[in-house]
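Colleague: I am new to this structure and would love a close look at a single part of it. Could you pick one spot, tell me what surrounds it, and then work outwards from there?

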Amino acid sequence: MRSELTMAERIQICRHHKGGRIMNKALSLWASEKMGKPISEMTISRILKCKIELLGSDVGSNRKRYRKPECPNLESILYSWFLTMQEANVTIS
C-alpha cells in the first residue's frame with residue numbers, strides 16, 4: 001500500500017536527521033514507527049536531498065506537494081490582484 005507523506009511529515013524527518021548523525025536506515029525505521037506507514041530508505045534519501053528547501057519553505061503543513069511557480073513575478077502580481085478583488089467582495093469564477 002502506497003501512501004504519500006505530507007510536507008509536515010517531511011519536515012519532521014529533516015529535523016530528526018540532526019545534520020547527518022543518523023543513518024538513513026535508522027531514520028527510515030524511526031519515521032515508519034512514528035508516522036505509522038512504511039517509509040523506505042530511498043524515500044528518506046529523496047527527502048534529505050531537498051532538506052534545505054523543505055526547512056526554508058512556508059508551505060502549508062497538510063500539503064503533499066510543493067511546486068515552484070514557473071513565473072514567480074506573475075504569481076505575485078496575480079495573488080495581489082486576487083486579494084484586492086477579495087477585499088472588494090468581487091466574485092471570481
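Modeller: Leaving aside residues up to four places away in sequence, Ser32 touches Lys37, Pro38 and Ile39, where a contact means heavy atoms within 4.5 Å. Ser32 itself sits in helix H2. Helices here are DSSP runs of H or I with at least four residues, strands are runs of E with at least two, and both are numbered from the N terminus. Ser32 counts as partly exposed because its relative accessible area is 21%; buried means under 20%, exposed means over 50%, and partly exposed lies in between, with a 1.4 Å probe and protein chains only.

Before going further, please keep in mind that this is a predicted model, in which local features need pLDDT of at least 70, side-chain atom pairs count only at pLDDT 80 or more, and totals for chains, interfaces and linings use all residues. Residues are numbered from 1 along each chain as its sequence is written, and side-chain values use heavy atoms, with hydrogens and water left out.

Let us follow one neighbour of Ser32, namely Lys37. The side chains of Lys37 and Glu9 form a salt bridge, with 3.2 Å from N to O. The pair joins distant parts of the chain, 28 residues apart: Glu9 belongs to helix H1, while Lys37 lies in the loop between H2 and H3. A salt bridge here is a side-chain nitrogen of Lys or Arg within 4 Å of a carboxyl oxygen of Asp or Glu, and by this rule the count comes to one. In general, side chains of opposite charge can pair when their charged atoms come close. Are the two partners buried or exposed? Glu9 is buried, because its relative accessible area is 15%, and Lys37 is buried too, because its value is 17%.

Glu9 has company in H1, where Met7, Arg10, Ile11, Ile13, Cys14 and His17 are also buried. These buried residues of H1 pack against H2, H3 and helix H4 (51–56). Just after H1 comes Lys18, whose phi is positive, near 55°. Most residues other than glycine have a negative phi.

Now for how the helices meet. The axes of H2 (residues 24–35) and H3 come within 9 Å and cross at roughly 100°; axes are lines fitted to C-alpha atoms, for helices over the stretch in contact, and angles run from 0 to 180 degrees between N-to-C directions. H2 and H3 are therefore roughly perpendicular, a label for 65 to 115 degrees, with under 35 being roughly parallel, over 145 roughly antiparallel and the rest oblique. On the H2 side the contact uses Asn24, Lys25, Leu27, Ser28 and Ala31, and on the H3 side Glu41, Ile44, Ser45 and Leu48. By class, these are four nonpolar, three polar and two charged residues; Ala, Val, Leu, Ile, Met, Phe, Trp, Tyr, Cys and Pro count as nonpolar, Asp, Glu, Lys and Arg as charged, and the others, Gly among them, as polar.

H3 (residues 41–49) also meets H1 (residues 7–17), with axes that come within 10 Å and cross at roughly 85°. H1 and H3 are therefore roughly perpendicular as well. Arg10, Ile13, Cys14 and His17 of H1 make this contact with Ile44, Ile47 and Leu48 of H3. Five of the contact residues are nonpolar, one is polar and one is charged.

Finally, the wider setting. The protein has five helices and zero strands, and 23% of its 93 residues count as buried. Among contacts with a separation of 6 or more, 56% are between residues 24 or more positions apart.
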